[in-house]
Amino acid sequence: MSDPVPLTTDHPGQVASATPPEPGWSRRLSDRWLTVAFISPALLLLLAMSVFPLLWALYLSFTDYSATRGGSAHFVWFENYTAILTSAQVHLRAFTTLIYVVGAVTLQTVLGFTIAYLISRRTHGRGLLTTLFLVPMMLSPVVVGLFWRFMLDAQFGVINSMLGSIGLGQVEWLTRQQTALISLIVVDTWQWTPFIMLIALAGLTAVPKYLYEAASIDRASEWFRFRTITLPLVWPLLLIAVLFRAIEAFRLFELVYILTSGGPGVSTETLSFHVYKVAFLGFNTGTASAYGILMVLIVIVLTQLYLRYLNKLKED
Amino acid sequence: MRYPKRIGRLSVPGRKVQLATAAMLVATTVAACGGGQDGASAPKAPATIPELTKDPLTLSFIWFEWPPAQALEAFANAEYTKERPNVTIKVNTVPNANWHDAIFTQFAAHKTDFDIPILDSQHIGEAVTNGNILDITDFVKQNIDVNAYNPYLLAAYGQFPQAETGKRDENASLYGLPLLGDTWTMIYRKDLIGDKPPQTWDEMIAAAAKCQADNPGVSGLAFHQANGSDAAAVTYNTVNGVYGGNLWDPKSRKIEGVLNDAAGQEAMDVLVNKMKPLTATGSGNWFIDEVNAAVAQGKACIAFNWIAASGGLLDPKQSTLGTTREEILGKLGFATLPSQKTNLVPLGGMGMHVSAYSSEANQAEALNFMKWFQQADIQKKWAAAGGVPSRTDALESPEFLNAGPFNKVYADSVPRMRDMWNVPEYARLVDIENTNVNAALNGAKTPKDALNDIAKEQQAVLDSSGSKGGGGL
């Protein structure tokens with residue numbers, strides 16, 4: 001074993017010696033080895049928890065494998081994919097998901113940006129307001145779902161109680177086709193508007209003040225300043241927030257599970273909820289894997305298109 | 001700082017890492033592939049109980065969260081440990097909606113943290129076909145007095161393939177023994193509709209309508225309508241049975257044309273157009289707890305619920321109907337379901353089974369527990385502790401009949417019971433029925449369309465069993 005390397009030299013002004021280290025275990029600790037040693041745990045974790053399951057799901061998606069029925073997996077090639085893409089049941093869930101994503105993300109973007117804009121104009125209490133607005137985002141979706149389920153209950157929920165006190169009738173928030181999806185959008189908006197607000201606030205804070213000062217000198221109106229300075233500079237950041245939220249909303253599961261169980265009937269069943277049923281009610285693992293892979297592909301393709309648009313926006 | 005002499009070896013660690021990564025992926029793949037077993041079928045339990053361990057042992061059950069689960073754990077730890085002091089009983093519970101998934105995902109992994117899964121009677125087919133639970137036919141022959149039970153109760157909680165309603169096939173294999181019997185009881189407000197319960201379904205609907213009209217703020221009916229678990233499906237199946245309908249023809253595996261025949265259509269029409277208007281606004285997602293809450297708060301004239309979940313209705317702390325049990329019982333009555341064209345009632349309750357993936361010591365202990373539990377005196381003690389036994393002598397015992405006002409309802413209902421399908425495709429069949437009945441009850445589909453869709457989709461599930469690709473959509 002080699003002697004420990006001294007931390008200081010006897011001569012402070014002297015440059016550290018270029019003598020090679022003593023032979024032994026330390027000789028193997030080159031930069032390259034150190035890099036490998038430090039990266040390996042994360043790499044192994046990534047391979048085991050992400051890459052392998054993805055590849056395994058890809059393999060299963062071409063088979064008729066069922067996790068509970070046992071037996072070996074038989075290749076059915078693209079039959080699972082064909083069945084999913086041509087299924088009326090899947091089309092219905094895709095449409096529901098689309099309405100949900102567009103509705104929730106649009107509402108969250110408008111509200112989030114508005115709140116951020118109003119907060120950014122305040123000079124006092126901005127930090128406190130921002131913190132308060134962020135509270136819903138910090139809660140678990142299951143907890144949010146459970147207390148909104150109580151609040152939206154038609155019989156004893158606080159929402160209907162408030163509506164009743166102003167003379168409006170009882171609304172069946174979670175059990176009618178017309179209101180159940182709207183309720184989901186409202187609850188998701190309540191929880192995730194702060195996310196858009198936070199990103200928008202960061203963008204608004206980063207807009208150089210001198211631009212507004214110059215506009216003021218030119219006696220530009222508030223609307224003109226907003227339209228020509230604020231919005232164009234915050235827009236790219238806002239679009240990234242929208243991208244994150246759209247991906248999240250696309251794979252919505254918890255709120256549906258807690259609030260409506262996909263009902264009434266299947267009118268609030270999203271794609272993720274349907275995959276769950278395929279995977280765990282019938283244990284059709286092969287079909288569920290193909291379903292999951294298709295969802296990942298859709299997100300990747302849409303994200304790529306979106307990012308290209310974003311890059312083009314930046315170049316312009 | 002780098003040393004030139006080592007430059008030539010820089011790629012070696014990289015290559016090793018790549019090789020190690022590839023090896024790990026291959027090893028994981030092989031391990032994952034190795035889990036399957038061709039032609040899975042239930043392994044057999046020994047006819048006689050193997051020697052039991054003297055070491056401390058925890059016997060684990062899995063059930064869903066409800067009062068009988070706590071009652072079972074308390075009862076078993078108090079009584080079974082008198083015979084087996086080294087054993088601790090643990091009843092693990094999950095939310096009702098996750099009950100099937102919690103058990104079958106562990107079965108899928110071929111490794112369970114429970115020894116005795118408590119399965120709904122309809123789950124037996126799936127578990128047997130996949131080889132997840134032990135075949136206890138020989139064990140039952142050797143250790144259980146089968147003549148002590150109503151044959152259908154023994155069949156419903158253990159036999160596969162499924163028995164004909166009301167009978168047991170003595171040549172069929174058994175995979176479980178009864179743990180908790182159950183059926184629906186009609187809960188009615190004696191102070192609002194009178195002491196005598198309605199005898200027919202038509203009378204019941206008329207009484208509920210009159211009660212609702214006479215008592216503003218109180219709804220005529222409360223029953224299960226949710227689209228989770230088997231809530232809405234059991235409601236329709238009950239009305240279907242009462243109006244003379246059938247769920248399927250088990251011999252030809254035919255649902256289309258059987259479920260949606262004239263009797264089935266009439267049942268759906270009665271449920272949606274006559275019963276639903278008598279329920280509270282927004283009750284379209286009600287299940288066990290919500291129905292109990294409506295009764296306890298005095299908001300329903302007549303309600304239907306599982307007997308095993310009705311105990312809380314007599315607790316003054318949970319009720320606005322009285323400050324004592326007697327006062328509540330002065331207002332609430334419990335009766336068997338009214339009849340109409342038939343007198344069928346739904347079979348509820350669950351059986352005990354033995355996980356095929358438990359250790360041998362735990363499987364032996366599980367068999368010993370099941371033998372112990374089915375003894376006449378233990379069944380009576382279980383009845384006194386709040387359980388619903390299955391042995392006829394226990395059902396007729398004062399310990400059971402005096403333990404709750406609804407226990408006589410159960411005893412009287414036993415010869416009238418009918419179960420759903422217990423085929424491996426059960427989970428999908430019940431989901432189809434739940435979602436469609438729920439849709440009809442909440443105005444998302446017409447009753448006729450809902451019933452026709454159920455029949456069509458369920459038939460497609462049965463017909464596609466064994467086909468390749470795209471299953472489960």
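User: What do the buried residues of α11(B) pack against?

Analyst: In this predicted model, the buried residues of α11(B) pack against β6, β7 (219-222), β8 (300-306) and β9 (332-335) of chain B. The helix itself covers residues 288-296, and its buried residues are Ile288(B), Val291(B), Asn292(B), Ala294(B), Val295(B) and Ala296(B). Just past the helix, Gly298(B) has a positive phi of about 70°.

User: What makes Glu269(A) and Lys277(A) a salt bridge?

Analyst: The N to O distance between their side chains is 2.5 Å. The cut-off is a Lys or Arg side-chain nitrogen within 4 Å of an Asp or Glu carboxyl oxygen, so this pair qualifies.

User: Why is Glu269(A) called buried?

Analyst: Its relative accessible area is 0%, and buried means under 20%, so the label follows.

User: And Lys277(A), is that one buried or exposed?

Analyst: Buried: Lys277(A) sits at 10% relative accessibility, and the limit is under 20%, so Lys277(A) passes.

User: Which residues does the salt-bridge network join?

Analyst: Let me bring in one more pair on the way there. Asp393(B) and Arg391(B) meet through their side chains at 3.0 Å, N to O. Asp393(B) is partly exposed at 29%, while Arg391(B) is buried at 10%. As for the network, salt bridges with shared partners connect Arg93(A), Glu269(A), Lys277(A) and Asp431(B).

User: Why is Asp393(B) called partly exposed?

Analyst: Partly exposed is what lies between the 20% and 50% limits, so 29% puts Asp393(B) in that class.

User: How do you know that Lys44(B) and Asp138(B) form a salt bridge?

Analyst: Their closest N and O atoms are 3.7 Å apart, and the cut-off is within 4 Å, so the pair counts. This pair links distant parts of the chain: Lys44(B) is in the loop between α1 (11-33) and β1 (57-64) of chain B, Asp138(B) is in helix α5 (residues 137-143) of chain B, and they are 94 residues apart.

User: What makes Lys44(B) exposed?

Analyst: Lys44(B) has 52% relative accessibility. Exposed means over 50%, so Lys44(B) gets that label. Its partner Asp138(B) has 30%, which is partly exposed.

User: How many salt bridges are there over all chains?

Analyst: The count comes to 23. Between domain 1 of chain B and domain 2 of chain B, though, the count is 0.

User: What is there between those two domains in polar contacts?

Analyst: There are 14 residue pairs in polar contact, both residues at pLDDT 80 or more. On the domain 1 side, the elements giving two or more residues are α4 (124-129), β4 (159-160), β6 (177-189), α17 (407-413) and β11 (417-418) of chain B. By class, that side has 11 nonpolar, 12 polar and 6 charged residues.

User: Where do the two domains of chain B run?

Analyst: The domain assignment gives domain 1 as 57-182 + 348-418 and domain 2 as 183-346 + 422-463. Their centres, taken over C-alpha atoms, are 26 Å apart.

User: How do you know that the domains touch?

Analyst: Contact means heavy atoms within 4.5 Å, and by that test 29 residues of domain 1 of chain B are in contact with 36 residues of domain 2 of chain B. About 2,700 Å² is buried between them, with carbon and sulfur atoms giving 59%. In domain 1 of chain B, Phe406(B), Arg416(B) and Arg418(B) lose the most area to domain 2 of chain B, together 33% of what that side buries.

How values were computed:
Residues numbered from 1 in each chain as written. Chains lettered and ligands numbered in written order. Heavy atoms only, no water. Domains from an automatic or database assignment. Buried area = accessible area lost by both parts, 1.4 Å probe. Polar contact = N/O pair within 3.5 Å; in protein donor to acceptor, adjacent residues only side chain to side chain. Helix = DSSP H or I, 4+ residues; strand = E, 2+ residues; numbered from the N terminus. Nonpolar A, V, L, I, M, F, W, Y, C, P; charged D, E, K, R; others polar. Buried < 20%, exposed > 50% of the residue type's maximum accessible area, 1.4 Å probe, protein only.
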